[in-house]
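This report walks through one chain, from overall layout to single residues. Keep the sequence and the model in view while reading.

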Amino acid sequence: MQTDVWIILDSCAFLTQKHPNGRLVTIPEIEKELINKQSIQYHSNLKEHNLDIIEPNKTSEEWIVGKANETGDLDVLSSVDKKILALAYELKGIVVSDDFAIQNVALYTGIKFVSCSGNEIEELRKWIFKCSACNHIEDNKNNECRICGSTDIFRIKSR
Ligand SMILES: [Zn+2]
């Protein structure tokens, strides 16, 4: 296993302790997502040895937001998810995540990814947004339907 490759750890890596070896790195906010004792302990053990904590820069975050908007994943990505992706983009690393929205944006942008669970998406998912009241479809999520004003809008696969 190469050790000079950046491995960006999402919360699943701390929960399952399953991830490739390399230059381990995560974002500061991940600590708040760890709720069970083992994963908190694992995080602090790694931090003492070989885990870097890095905040991605705003430019990479904005780039990721733009790309996630194109795939239709923006709406379901948390701020932690966006930062994980931004950091992976910046460091040209491999992102470790079980989150399908993260995986989808990674796939779309050419960021390498692996899962903790073994469940990885194999093809890009393109999402569109449909108003449940009038069935109007948009590429991007709006807070309310441009046609009928309903706020009941849901995400569907476009193909
Ligand atoms: Zn509508």
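Two residues are in contact if their C-beta atoms, placed from the backbone, lie within 7 Å. By that rule, 49% of the chain's contacts with a separation of 6 or more join residues 24 or more positions apart.

The model is predicted: local features need pLDDT of at least 70, side-chain atom pairs count only at pLDDT 80 or more, and totals for chains, interfaces and linings use all residues. Residues are numbered from 1 along each chain as its sequence is written.

## Overall layout

The chain has 6 helices and 8 strands. Helices (H or I, at least four residues) and strands (E, at least two) are DSSP runs, numbered from the N terminus. Their order along the sequence is β-α-β-α-α-β-α-α-β-α-β-β-β-β. The C-alpha trace spans about 55 × 30 × 30 Å along its principal axes.

Of the 159 residues, 31% are buried. A residue is buried if 20 or more other C-beta atoms lie within 10 Å of its own, exposed if 12 or fewer, and partly exposed in between; these C-beta atoms are placed from the backbone.

## Two domains

Domain 1 covers 6-114 and domain 2 covers 127-157. These bounds come from an automatic or database domain assignment. The domain centres, taken over C-alpha atoms, are 29 Å apart. Across the boundary, 5 residues of domain 1 are in contact with 5 residues of domain 2. The domain 1 side of that contact has no nonpolar, 3 polar and 2 charged residues. Here Ala, Val, Leu, Ile, Met, Phe, Trp, Tyr, Cys and Pro count as nonpolar, Asp, Glu, Lys and Arg as charged, and the others, Gly among them, as polar.

L124 lies in the loop between β5 (112-114) and β6 (127-131). Is L124 buried or exposed? L124 counts as exposed, because its C-beta neighbours inside 10 Å number 12. Leaving out residues up to four places away in sequence, L124 touches N104, L107 and Y108. Y108 is 16 residues from L124 in sequence, and their C-alpha atoms are 6.6 Å apart.

## The nonpolar core

A nonpolar core is a set of buried Ala, Val, Leu, Ile, Met, Phe, Trp, Tyr and Cys residues joined through C-beta atoms within 7 Å. The largest one has 29 residues; I8, I84, L85, A88, V95 and A106 touch the most other members. At least two residues come from each of β1 (6-9), α1, α4, α5, β4 and α6 (100-109). Helix α5 gives the largest share, 7 residues.

L85 shows how the parts meet. Beyond its neighbours within four places in sequence, L85 is in contact with I64, V95, I102, V105, A106 and I111.

Helix α4 (residues 58-71) has 14 residues. From first C-alpha to last, α4 reaches 20 Å, close to the 20 Å expected at 1.5 Å a residue. That expected span is 1.5 Å times one less than the number of residues.

## The three-stranded sheet

Which strand order does the open sheet of 3 strands have? The order is β7-β6-β8, with antiparallel pairing. β7 (137-138) and β8 (153-157) stand at the edges with a single partner strand each, so one side of each has no neighbour in the sheet. Two strands pair if DSSP finds at least two bridges between them.

β6 and β7 are joined by 2 bridges, while β6 and β8 pair over 5 bridges. F129 stands opposite E138 in β7. K130 has F154 in β8 as its bridge partner.

## Positive phi values

Four residues with positive phi are listed here.

| Residue | Phi | Place |
|---|---|---|
| Q17 | near 60° | loop between α1 (11-16) and β2 (23-26) |
| G72 | about 90° | just after α4 |
| K92 | about 55° | loop between α5 (79-91) and β4 (94-96) |
| N135 | near 70° | hairpin of β6 and β7, with 5 residues between the strands |

Q17 is a residue other than glycine, and K92 is not a glycine either. Q17 counts as partly exposed, because it has 13 C-beta neighbours inside 10 Å. K92 is exposed, with 11 other C-beta atoms within 10 Å.
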